[in-house]
Amino acid sequence: GELGFASARGNSNTESFNGRLGLRYTDDDWVHSMDLFGLRSRSESIQTSDDGSTSKVTNTTANRYTGSAGSALQLGEHRQITATLRFERDDFATYDRQSSFGLGYGTRLWNTERFSFDAQIGPGVRRTHDVENDETRTGLIGRGFFDMKYSLSPNTDLINTLLVESGSYNTF
């Protein structure tokens with residue numbers, strides 16, 4: 001899990017809160033996972049009107065939530081067939097709602113005692129809602145998920161993940 005809070009005070013005040021929860025369950029040759037993420041930020045400033053009066057204005061500047069779940073059938077020590085489902089809600093993005101489903105093949109591309117690099121690729125389908133046009137679209141996508149892990153010490157890992165979903169009308 002992760003939890004973060006940032007606060008800045010000055011000419012304007014800002015606060016940002018984020019959290020993530022990742023769960024993983026292994027059952028023989030199956031690996032199941034779930035990830036939940038949330039980000040919310042707001043700013044507060046003093047505005048002066050034409051008549052000289054002041055007022056405090058509070059704005060929400062970020063409101064994003066994602067959830068994903070997946071299952072993988074292990075084909076060997078570092079090979080697998082995967083199925084994933086992802087949903088995202090972002091009040092400040094062009095696509096305020098996105099959901100996708102993907103199938104894929106995953107393998108470990110690099111493996112040493114301290115470093116590993118995994119990749120999953122495959123086809124999928126994505127459904128998006130465009131706020132500007134109030135239009136919902138569904139289309140085929142190519143999905144790539146890349147996961148890098150570097151062990152700094154026996155109990156500390158540096159992890160970086162990249163998810164790419166590319167279709168005919170949008171690349172996320």
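A salt bridge is a side-chain nitrogen of Lys or Arg within 4 Å of a carboxyl oxygen of Asp or Glu. The exercises below apply this definition and others to a predicted model.

**Exercise 1. Salt bridges**

Task: State how many salt bridges the structure holds, and determine which parts of the chain the pair Glu 44 and Lys 56 ties together.

Solution.
Step 1. Side chains of opposite charge can pair when their charged atoms come close.
Step 2. The count of salt bridges in the structure is 13.
Step 3. In the pair of Glu 44 and Lys 56, the closest N and O atoms are 3.9 Å apart, and the cut-off is 4 Å.
Step 4. Glu 44 belongs to strand E3 and Lys 56 to strand E4, so this salt bridge ties together parts that are 12 residues apart in sequence.
Step 5. Lys 56 has a relative accessibility of 56%; because exposed means over 50%, the residue falls in that class.

**Exercise 2. The partners of Arg 86**

Task: Identify the residues that form salt bridges with Arg 86, and decide whether Arg 86 is buried or exposed.

Solution.
Step 1. One partner is Glu 88, with the closest N and O atoms 3.2 Å apart.
Step 2. Another partner is Glu 165, for which the closest N and O atoms lie 2.8 Å apart. This pair links distant parts of the chain, since Glu 165 is in strand E9 and Arg 86 in strand E5, 79 residues apart.
Step 3. Buried means under 20% relative accessible area. Arg 86 has 10% and is therefore buried.
Step 4. The same test applies to the partners: Glu 88 is buried at 4%, and Glu 165 is buried at 0%.
Step 5. A separate set of salt bridges that share partners joins Arg 9, Glu 15, Arg 42, Glu 44 and Lys 56 into one network.

**Exercise 3. Strand pairing from E5 to E8**

Task: Describe how E5 pairs with E6, E6 with E7 and E7 with E8, and name a bridge partner in each case.

Solution.
Step 1. E5 and E6 run antiparallel and are joined by 11 bridges. Within this pairing, Leu 85 stands opposite Phe 101 in E6. A hairpin of 4 residues connects the two strands.
Step 2. E6 and E7 also run antiparallel, with 13 bridges. Ser 99 has Arg 127 in E7 as its bridge partner, while Trp 110 is matched with Phe 117 in E7. Here the hairpin passes through 3 residues.
Step 3. E7 and E8 are paired in the antiparallel sense over 16 bridges. Pro 123 faces Gly 142 in E8. The hairpin between these strands has 4 residues, and Asp 134 in its turn has a positive phi of about 50°.

**Exercise 4. The largest pocket**

Task: Give the volume of the largest pocket, and characterise its lining by residue and by element.

Solution.
Step 1. The volume of the largest pocket is about 1,700 Å³.
Step 2. Its lining comprises 48 residues, of which Arg 24, Ser 33, Phe 145, Asp 147 and Thr 161 are the closest to the centre.
Step 3. The elements that give two or more residues to this lining are strands E2 (12-27), E3 (30-48), E4 (54-74), E5 (79-90), E6 (95-111), E7 (115-130), E8 (135-153) and E9 (156-167).
Step 4. E4 contributes the most to the lining of the largest pocket, with 9 residues.
Step 5. Sorted by kind, the lining residues of this pocket are 15 nonpolar, 19 polar and 14 charged.

Methods. Residues are numbered from 1 along each chain as its sequence is written. This is a predicted model: local features need pLDDT of at least 70, side-chain atom pairs count only at pLDDT 80 or more; totals for chains, interfaces and linings use all residues. Side-chain values use heavy atoms; hydrogens and water are left out. On a 1 Å grid over the protein atoms alone, a cavity is a set of points where a 1.4 Å probe fits but cannot get out, and a pocket is an open set with protein on both sides within 12 Å along at least five of seven lines; lining residues have an atom within 4 Å of a point. Grid points are joined across faces, edges and corners, and a volume is the space filled by probe spheres set on the points. Ala, Val, Leu, Ile, Met, Phe, Trp, Tyr, Cys and Pro count as nonpolar, Asp, Glu, Lys and Arg as charged, and the others, Gly among them, as polar. Two strands pair if DSSP finds at least two bridges between them. Buried means under 20% relative accessible area, exposed over 50%, partly exposed in between (1.4 Å probe, protein chains only).
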